[in-house]
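Here are a few friendly notes to read alongside the model. Take them one at a time, with the structure open beside you.

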Amino acid sequence: MKVVILDLRIDSETFGEYAAIELAQFKNSVFIPRGCAHGFLTISSDATVIYNVSTVYNADADLGILWDSFGFDWPVINPILSERDQNFVPLKDFSSSF
């Protein structure tokens, strides 16, 4: 499984940059700081992703970036995406509150 983290913190020196991390089964975890988006890719049919968050779910804050709009070269052509994720805006149109 690959996790991609995108910095959306406007005042950050790394705003708009991303990091990709390969997670081995049962061996890795990653901390994603506030103000960073994340996406994941698995080619396994039985992968499970579990994550914890620091606050209670807030639908108004449930925003995202279109998966192919920030320069990462995803190693897939036609990924399976939720309707929610398909409707996210490109990075260039995202208004960050961070």
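1. Which residue is the bridge partner of Val3 in strand 3? Look for Phe40, which is the residue that bridges to Val3 from that strand. Please keep in mind as you look that this is a predicted model.

2. That bridge leads on to the two strands around it. Strand 1 and strand 3 are paired in the antiparallel sense, and six bridges link them. In general, the strands of a sheet pair through backbone hydrogen bonds, in either a parallel or an antiparallel way.

3. Now step back to the whole sheet. It is an open sheet of three strands in the order 2-1-3, and the pairing is antiparallel. Strand 2 (18-22) and strand 3 (36-41) are at the edges with a single partner strand each, so each has one side without a neighbour in the sheet. On average, neighbouring strands here are turned by 20 degrees against each other, direction ignored.

4. Next, a residue to visit: Asp7, which lies in strand 1 (residues 2-7). Is Asp7 buried or exposed? Its relative accessible area is 4%, and because the cut-off for buried is under 20%, Asp7 counts as buried.

5. What does the side chain of Asp7 meet there? A polar contact of 2.6 Å connects it with the side chain of Ser12, and another, of 2.5 Å, connects the side chains of Asp7 and Thr14.

6. Finally, the wider surroundings of Asp7. Setting aside neighbours within four places in sequence, Asp7 is in contact with Ser12, Thr14, Phe15, Gly16, Glu17, Gly35 and Cys36.

Definitions and conventions:
Residues numbered from 1 in each chain as written. Predicted model: local features only at pLDDT ≥ 70, side-chain atom pairs only at ≥ 80, totals over all residues. Heavy atoms only, no water. Helix = DSSP H or I, 4+ residues; strand = E, 2+ residues; numbered from the N terminus. Buried < 20%, exposed > 50% of the residue type's maximum accessible area, 1.4 Å probe, protein only. Polar contact = N/O pair within 3.5 Å; in protein donor to acceptor, adjacent residues only side chain to side chain. Contact = heavy atoms within 4.5 Å. Pairing = 2+ DSSP bridges. Axes fitted to C-alpha atoms, helices over the stretch in contact; angles between N-to-C directions.
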